[in-house]
Amino acid sequence: MRVRFGEFLLDTGSRQLFRDGAEVRLQPKTFELLDLLVRTRPKALNKKHIRGQLWPDAVVGEASLTVAVAELRA
């Protein structure tokens, strides 16, 4: 799936994000977070749901999600 928003193009098939044609490198979990948010838009997701989707078989602390969100915002 390809989704364009603003100057960005998200290509989930190739797991790539582009900004004005240049690839933006993201950590794997950060890419998964972006993909999840784009797929479920405009629905708001709570932290518990997001953690369950990104880390289904692991117990992770609050910091894991905070780091992924911070990278995505940058």
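In which helix is Thr30 found? Thr30 sits in helix H1, where helices (H or I, at least four residues) and strands (E, at least two) are DSSP runs numbered from the N terminus. Before going further, a word on the model: it is predicted, so local features need pLDDT of at least 70 and side-chain atom pairs count only at pLDDT 80 or more, while totals for chains, interfaces and linings use all residues. Residues are numbered from 1 along each chain as its sequence is written, and side-chain values use heavy atoms, with hydrogens and water left out.

Let's start at the strands. S1 and S2 pair in the antiparallel sense over four bridges; two strands count as paired if DSSP finds at least two bridges between them. Within this pairing, Arg4 has Leu9 in S2 as its bridge partner. The two strands form a hairpin with two residues between them, and Gly6 in the turn has a positive phi of about 60°.

From S2 we can step across to S3, since these strands also pair in the antiparallel sense over four bridges. Leu9 appears again here, with Phe18 as its bridge partner in S3. The hairpin of S2 and S3 has four residues between the strands, and Arg15 takes a positive phi near 55° there.

Two residues on these strands deserve a visit. Asp11 lies in strand S2, which covers residues 8–11. Asp11 counts as buried because its relative accessibility is 10%, where buried means under 20% relative accessible area, exposed over 50% and partly exposed in between, with a 1.4 Å probe and protein chains only. Leaving aside residues up to four places away in sequence, Asp11 touches Met1, Arg2, Gln16 and Phe31; contact means heavy atoms within 4.5 Å. Phe18, in strand S3 (residues 16–19), is buried too, at a relative accessible area of 19%. With the same sequence neighbours set aside, Phe18 touches Glu7, Phe8, Leu9, Glu23 and Val24. The C-alpha atoms of Phe18 and Leu34 are separated by 13 Å, with their positions 16 residues apart along the chain.

Leu34 brings us back to H1. This helix has 13 residues and reaches 18 Å from its first C-alpha to its last, close to the 18 Å expected at 1.5 Å a residue; the expected span is 1.5 Å times one less than the number of residues. Its buried residues are Thr30, Phe31, Leu33, Leu34, Asp35, Leu36 and Val38. An α-helix has 3.6 residues a turn, so residues three or four places apart point the same way. What covers the buried residues of H1 includes S1, S2, S3, helix H2 (47–54) and H3. Thr30 is buried, with a relative accessible area of 2%, and, again without residues up to four places away in sequence, touches Ala68, Glu71 and Leu72.

Finally, have a look at the largest pocket. It is lined by 14 residues, of which Phe5, Phe8, Leu17, Leu34 and Leu72 lie nearest its centre. Strand S1 (2–5), S3, helix H1 (28–40) and helix H3 (62–73) each supply at least two residues of this lining, and H3 gives the most, with three.

Note on methods
On a 1 Å grid over the protein atoms alone, a cavity is a set of points where a 1.4 Å probe fits but cannot get out, and a pocket is an open set with protein on both sides within 12 Å along at least five of seven lines; lining residues have an atom within 4 Å of a point.
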